[in-house]
Amino acid sequence: MPDDAYLLCAEDAAAAFVFDAAGSTLCAAAGDGGGGDDDDDGCCSTVEEESAASIAELIGGEAQYSPRPDYPDRLRSRSIDPAVRAESVAWILKVQEYYGFVPLTAYLAVNYMDRFLSLHRLPQEDGWAMQLLAVTCLSLAAKMEETLVPSLLDLQVEGTSRYDFDPGTVGRMELIVLTALNWRLRSVTPFTFIDFFACKVDPGGRHTRCLIARATQVILAAMHDIEFLDHCPSSMAAAAVLCATGETPSLESVSPGAAVSWCIGLAEEGISRCYRLMRQLVTGNVQTRVASTTMAAVNLCCSDEVLSSHSSTSTSTSTSTSSPPPAKRRKRPPTTAT
């Protein structure tokens, strides 16, 4: 029986073995035991040609995990309200920070939301439908990536939104979203590529965690800006790693043209355009809500002496996160929400 006979949800065999639990590709594709913080030097040395082939295959299929091509223009023309989308992105990042979810969880939630909105129109009155979609997408993303997932009621953190949705309503909306996305939740995202690209920049692995932490911050900040919807995940990952490399004094800057050599399928024009946008984002000091552990990693990233202590701090932070008491219920959305 072929290897992919056991796969569900129309996933392919390459996607199944390339992704690890954190949504990155390096450890699974390269044979690393999990990308542990204790062995950065050996991590990048295990990247082989098979890894590059797997990454190239993912680049070739990444478009099927993106919103429809006309979606960014619909946001620019306000056919879909970009302010409402931005509010939903901010809420997702706020809850991600509150519970200490991994960055991939937030990115996946926004990815599901954008893909759904590119296919379906939602009622605009009072904003309850968009809020229900945001709650639903974050719930699905958390189930995909998190070990401990708050209840649907606790996920709707007190004080962050106008409505609370009962679990039955969210559950029914989950089925609607899953059907719209053809049950393809293991999306190709920039986090699929950043470990691999960071190792290309820093083969010795000395600054790899620094580069990944900084690239992660830039990617999360970019989710607010609809201009990045024009760019595929691999270009965003490459551009973010280039930004991180340029801010690391002990590493030589890499041009978008040189980055194309990292893997088959990368396009210099796409990386260049995305890199210019990200540089504007960084130099403009755009404020965004990101996970506190990620911010700590960025602040410490260029000091080799403190990287190991940051690793233990991040671990303790994530393991000590607990659910707050059940939120006080606020007004219910219209019954038409279902």
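**Notebook: helices, core and cysteines**

I began with helix α15, whose buried residues I found packed against α12 (208-222), α13 (233-246) and α14 (256-259). The buried residues in question are Gly270, Ile271, Ser272, Cys274, Met278 and Leu281. I then checked the length of α15, which runs over residues 268-283: its 16 residues should span 22 Å at 1.5 Å a residue, and the end C-alpha atoms are 22 Å apart, so the two agree. I note here that I am reading a predicted model.

**Overall make-up**

For the protein chain I looked up the secondary structure, which comes to 17 helices and zero strands. Of its 338 residues, 52% count as buried, and the accessible surface comes to about 15100 Å², with 54% of that belonging to carbon and sulfur atoms. I also looked at contacts between residues at least 6 apart in sequence, and 78% of these join residues at least 24 apart.

**The core**

Which residues have the most contacts inside the largest nonpolar core? I found Leu133, Phe197, Trp262 and Met278, in a core of 86 residues. Helix α8 (residues 128-145) gives the largest share of this core, with twelve residues. Where the core lies also became clear to me: domain 1 (62-181) and domain 2 (190-290) both give residues to it, so it lies between them.

I followed Trp262 further, leaving aside residues up to four places away in sequence, and listed what it touches: Phe196, Phe197, Lys200, Val201, Ala238, Val241, Leu242 and Val254. Phe197 thus appears both in this list and among the core residues with the most contacts.

**Helix α8 and Ala134**

Turning to α8, I found it mostly covered, with 16 of its 18 residues buried. From its first C-alpha to its last it reaches 26 Å, close to the 26 Å expected at 1.5 Å a residue.

Within α8 I picked out Ala134, and asked myself whether Ala134 is buried or exposed. Its relative accessibility is 3%, and since buried means under 20%, Ala134 counts as buried. Apart from residues up to four places away in sequence, Ala134 touches Ser88, Trp91 and Ile92. I also noted that Ala134 and Arg85 are 49 residues apart in sequence, while their C-alpha atoms are 9.2 Å apart in space.

**Cysteines**

How many disulfides does a search of the whole structure find? The search finds zero. I looked at Cys243 in particular: the closest cysteine sulfur to its own is in Cys274, at 8.1 Å, which is too far for a bond, because a disulfide needs the two sulfur atoms within 2.5 Å. Cys243 is buried, with a relative accessible area of 0%, and Cys210 also counts as buried, at 2% relative accessibility. Cys274, for its part, is one of the buried residues of α15.

**Two loop residues with positive phi**

Last, I looked up two residues that have a positive phi without being glycine, beginning with Arg78, whose phi is about 70 degrees. Arg78 lies in the loop between α5 (71-76) and α6 (82-99), and I recorded it as exposed, with a relative accessible area of 53%. The other is Trp183, with phi near 60 degrees. Trp183 lies in the loop between α10 (167-180) and α11 (194-201), and with a relative accessible area of 40% it is partly exposed.

Definitions and conventions: Residues numbered from 1 in each chain as written. Predicted model: local features only at pLDDT ≥ 70, side-chain atom pairs only at ≥ 80, totals over all residues. Heavy atoms only, no water. Core = buried A, V, L, I, M, F, W, Y, C linked by side-chain atoms within 4.5 Å. Buried < 20%, exposed > 50% of the residue type's maximum accessible area, 1.4 Å probe, protein only. Helix = DSSP H or I, 4+ residues; strand = E, 2+ residues; numbered from the N terminus. Domains from an automatic or database assignment. Contact = heavy atoms within 4.5 Å. Areas by Shrake-Rupley, 256 points an atom, 1.4 Å probe, with all protein chains shown as cover. Expected span 1.5 Å × (residues − 1).
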